[in-house]
Amino acid sequence: MTSASLIAVNGVKGTKGSASTKASNGTNGTNGTHGTHGTNGSSSWEQIGARKRQELLASIPEEWRIPTHLLPAETEDDVTSWPETCGWFTPEELAITNSSASELVPQLVSGQLSSETVTRAFCKRAAAAHQLTNCLSETCFDRAIKAAKERDLHLKQTGKPVGPLHGLPISLKDNFNLQGLDATVGFVSHVGDAAKADSTLAQLLETAGAVFYVKTNTPTAMMIAESVNNVFGRTVNPLNRKTTSGGSSGGESALLTMKGSPLGVGSDIGGSLRIPAACTGIFTLRPSSGRFPVRNTRSGMPGQEAVQSVNGPMARTLDDITMYTENVVNGQPWLLDPRCLPIPWRDVQLPNKLKIAVMWHDNMVRPTPPVTRALRDVVSKLKAAGHDVVEWDPVDQKEGLTLLGRMFVADGGTAIRKQLERTGEPWRPEMEQYRIAKELSTYEMWNLQLERVDFQNRYLDRWNKAGIDAILCPTIPFNTVKNGTFKHVGYTGVYNVLDYSCLSFPTGMTVDKNLDIIEERYQPLGSDCEAINADYDAETMHGLPISLQLVARRLEEEKVLAMGRKVLDVLGS
């Protein structure tokens with residue numbers, strides 16, 4: 001990759017030198033282990049970030065660097081078809097990386113495919129994805145290939161797989177600790193602070209047979225709805241590089257959409273799984289807290305527990321999401337993380353007729369035309385299939401979003417400010433609400449949490465009175481937006497306050513510039529609503545996927561997955 005194209009992708013000033021330049025601290029280019037960068041003031045934040053970016057590019061082996069003459073033009077917006085057309089990937093590599101996790105696992109478990117072959121294919125495609133979208137934060141290719149060889153040897157010697165995910169490469173969001181790798185979560189101050197041990201989730205997945213090979217980019221502190229920071233720059237959407245892949249798990253969504261990973265893991269505190277999944281048209285599950293382990297993961301605001309951060313799978317198929325969820329739960333995470341609840345996997349028997357409440361808007365922002373059209377289409381098909389569809393009054397949504405915002409800045413932005421001050425890193429403009437926030441007293445915080453509990457009680461009472469199985473609503477008020485213009489996390493964040501189980505799913509529909517136009521009768525619900533609909537550009541969004549969200553009650557992960565399958569069956573028929 002040329003230095004010019006690297007600068008264009010990164011969006012961070014000060015990146016110099018070609019991709020082949022080795023890092024000055026002597027990293028070997030493939031093991032992903034990095035040295036200390038002098039965050040004590042001996043280097044400027046710009047220098048630290050530039051070195052880190054250089055090291056990341058240097059960690060990609062020469063054979064996985066795209067030849068300059070094969071790089072798509074920087075003006076080529078959609079790069080998802082490039083792997084098929086560039087001639088750089090072998091037919092075997094394409095066959096492997098085009099497969100879903102659910103398709104790969106049986107072949108890996110049986111020995112039909114070797115883990116080493118599969119791992120090398122995804123390493124190469126992930127490296128390519130990074131060079132086109134800036135989606136990675138760390139690589140550990142040597143660790144991956146060593147682990148894959150061990151999986152293959154174990155299968156050969158014993159005739160048995162290591163576990164249910166035997167030999168499957170899995171990508172991880174940057175906040176999951178892997179020994180010897182940084183978890184910067186977008187802070188310059190965390191560069192060089194390599195993890196001393198793997199996170200509990202990584203340990204559980206590795207016991208199940210998974211192979212780790214890359215970690216993916218996040219925004220600063222994981223608290224921006226687009227994946228942009230002062231260390232690695234901006235991750236872009238491979239479906240249209242003028243648009244965002246979302247945040248904070250936007251590195252994962254870009255990588256998965258480029259098929260550089262069969263299965264990824266992200267996290268969610270206000271929509272950080274669902275927003276990027278919707279921006280790129282993939283699946284994700286936002287579980288309730290206590291289902292998946294969070295021990296030994298890095299937080300952007302450690303100690304903030306008024307609204308819990310959770311992690312969950314991201315993938316291109318619902319089968320992959322279900323396979324992951326069942327295997328993690330069957331790994332008995334409550335024996336490894338005291339925050340996990342001892343709830344084994346539960347088979348769900350759904351009624352033939354679901355009662356689903358549709359929320360057309362959240363009383364704050366009306367969705368843009370393609371999302372509204374998709375919602376109408378799904379509702380129509382559910383009714384035609386015999387399901388009971390009622391309307392959900394969004395009367396509580398604004399209160400829920402306000403609670404979320406107040407809880408996020410309750411420390412006056414101190415946790416984020418302290419990390420920035422360590423290196424003199426400036427505040428990003430997207431984080432203005434944290435920069436200007438005033439800290440609450442302990443008494444004020446306790447009262448805020450009482451408000452949250454009261455909100456949760458009232459919402460549950462309304463749900464039970466309505467007798468519904470789920471709420472169907474937008475995931476975000478648009479399909480995606482141009483880079484740097486994301487507004488409004490109300491459709492996701494309220495359900496973090498409630499701690500509900502949520503599935504974001506692609507509808508199979510795409511934006512149609514001829515159909516999806518602002519109606520003359522459109523009336524904005526407020527300034528954000530007006531701005532979002534005014535910014536909607538049908539020409540740019542044409543052909544991009546449209547997602548929706550299915551919401552179940554707290555700890556109903558199995559049920560929301562089963563309902564999601566039923567909805568997809570209706571859409572497919």
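A salt bridge here is a side-chain nitrogen of Lys or Arg within 4 Å of a carboxyl oxygen of Asp or Glu. The exercises below apply this and related criteria to a predicted model.

**Exercise 1. Identify which residues are linked in a network of salt bridges, and find how many salt bridges a search of the whole structure gives.**

Solution. Begin with the network, in which R291, R346, E557 and E558 are linked by salt bridges. Then turn to the total, for which a search of the whole structure finds 35 salt bridges.

**Exercise 2. For the salt bridge between K242 and D77, work out which parts of the chain are tied together.**

Solution. First take the contact itself, where the side chains of K242 and D77 meet with 2.8 Å from N to O. Next locate the partners: K242 belongs to strand 7 (residues 240–244), whereas D77 is in the loop between helix 2 (45–58) and helix 3 (82–85), so the pair ties together parts that are 165 residues apart in sequence. Finally consider accessibility, where K242 is partly exposed at 46% and D77 is partly exposed at 23%.

**Exercise 3. Describe how E432 and R435 are placed in helix 15, and state whether each counts as buried, partly exposed or exposed.**

Solution. The side chains of E432 and R435 form a salt bridge of 2.6 Å, N to O. Both residues lie in helix 15 (residues 432–435), and because they are three residues apart there, about one helical turn separates them. For the accessibility step, buried means under 20% relative accessible area and exposed means over 50%. E432, at 35%, therefore counts as partly exposed, and R435, at 38%, also counts as partly exposed.

**Exercise 4. Decide which partner in the salt bridge between R554 and D499 is buried and which is partly exposed.**

Solution. Start from the contact, in which the closest N and O atoms of R554 and D499 are 2.7 Å apart. R554 is in the loop between strand 15 (545–551) and helix 20 (557–572), and D499 is in the loop between helix 17 (490–498) and strand 14 (502–510), so this salt bridge ties together parts that are 55 residues apart in sequence. R554 has a relative accessible area of 39% and is partly exposed, while D499, at 8%, is buried.

**Exercise 5. Classify the ring pairs W82 with W88 and Y495 with Y500 as stacked, tilted or edge-to-face.**

Solution. The whole structure contains 13 aromatic pairs by the search. In the pair of W82 and W88, the centres are 6.2 Å apart and the planes are at 50 degrees, which makes this pair tilted; both tryptophans are buried. For Y495 and Y500, the centres lie 6.3 Å apart and the planes meet at 25 degrees, so this pair is stacked. Y495 is buried, at 0% relative accessible area, and Y500 is likewise buried, at 4%. These two tyrosines also belong to a cluster in which ring pairs link them with W392, F455, Y459 and W463.

**Exercise 6. Find which rings the charged end of K124 sits over.**

Solution. Take W88 to begin with, since K124 lies over the face of that residue, at 4.6 Å from the ring centre. Then examine F89, where the charged end of K124 sits over the ring, 5.0 Å from its centre.

Terms used
Residues numbered from 1 in each chain as written. Predicted model: local features only at pLDDT ≥ 70, side-chain atom pairs only at ≥ 80, totals over all residues. Heavy atoms only, no water. Helix = DSSP H or I, 4+ residues; strand = E, 2+ residues; numbered from the N terminus. Buried < 20%, exposed > 50% of the residue type's maximum accessible area, 1.4 Å probe, protein only. Phe/Tyr/Trp six-rings, centres within 6.5 Å; stacked < 30°, edge-to-face > 60°. Lys NZ or Arg CZ within 6 Å of the ring centre and 35° of its normal.
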